[in-house]
Amino acid sequence: MNLSLLPEQLTVCQLAPDASIPAWTAGRASFLSITRTPEELSIVCPASLVPDSVKQVSGWRAFQVEGPLDFALTGVLSSLAGPLAQAGLSIFTLATYNTDYVLVKADQVEAATKALRARARRTTNPFRTGRPITWKSARPRSSMCPRAWKMTRAARSANCSPECLSPSSEHDHG
């Protein structure tokens with residue numbers, strides 16, 4: 001799984017549930033999420049768009065999971081939220097049709113990156129937009145067959161026997 005850190009600071013806004021979508025959201029925002037529920041109209045957008053009179057919590061940065069993601073995938077957010085929670089970092093999450101976003105407070109980006117790197121197999125500089133952080137598999141490499149490790153999840157299930165996925169499996173694939 002690859003992540004990119006989006007360049008802009010974002011703001012999370014709350015308006016009345018029956019409020020119209022504000023004109024200040026129109027235009028070419030690099031990131032804009034609008035959600036209406038019976039309780040509120042919630043808007044996440046660049047901080048520069050939001051008038052001071054709007055109820056808001058500003059100072060967020062977003063890690064984008066590079067997608068598109070298959071709707072059948074499970075555990076994507078938990079694999080990110082877990083290390084961040086263990087580091088004591090609060091998050092705000094969003095999902096779109098293609099991918100997921102994990103927002104952390106801007107002053108905690110370095111701590112979040114450190115927590116996520118601790119779980120990462122390979123990292124590149126996340127402070128440059130578009131540079132990925134690649135995550136470890138949930139299973140440590142030493143606990144599965146080397147051939148199965150190299151295959152994608154779909155290939156493992158299609159081409160490798162179940163014992164490949166068992167801990168410390170060492171057998172011949174012929």
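**Figure 1. Trp60 and its surroundings in the predicted model.** Trp60 has a relative accessibility of 8%, so this residue counts as buried, the limit being under 20%. Over the face of the Trp60 ring lies Lys105, 5.0 Å from the ring centre.

**Figure 2. The aromatic pair of Phe31 and Tyr101.** The model contains 3 aromatic pairs. In one of them, Phe31 and Tyr101 meet edge-to-face, with 80 degrees between the planes and 4.9 Å centre to centre. Phe31 belongs to the loop between strands S2 (10-15) and S3 (33-36), while Tyr101 is part of strand S7 (residues 100-105); the pair therefore ties together parts that are 70 residues apart in sequence. Phe31 and Tyr101 are both buried.

**Figure 3. The aromatic pair of Trp60 and Phe92.** Here the rings are tilted: the planes are 50 degrees apart, and the distance is 6.1 Å centre to centre. Because Trp60 sits in strand S5 (residues 55-65) and Phe92 in strand S6 (residues 92-95), the pair ties together parts that are 32 residues apart in sequence. Phe92 has 25% relative accessibility and so counts as partly exposed.

**Figure 4. The largest nonpolar core.** This core has 14 residues, and those touching the most other members are Leu3, Phe63, Leu80, Leu84, Val104, Ala112 and Leu116. At least two residues each come from strand S1 (2-5), S5, helix H1 (76-86), S7 and helix H2 (109-119). The most, 4 residues, come from H2.

**Figure 5. A second nonpolar core.** Separate from the largest core, this one has 10 residues, among them Leu6, Phe31, Val44 and Leu94.

Notes. Residues numbered from 1 in each chain as written. Predicted model: local features only at pLDDT ≥ 70, side-chain atom pairs only at ≥ 80, totals over all residues. Heavy atoms only, no water. Phe/Tyr/Trp six-rings, centres within 6.5 Å; stacked < 30°, edge-to-face > 60°. Buried < 20%, exposed > 50% of the residue type's maximum accessible area, 1.4 Å probe, protein only. Lys NZ or Arg CZ within 6 Å of the ring centre and 35° of its normal. Core = buried A, V, L, I, M, F, W, Y, C linked by side-chain atoms within 4.5 Å.
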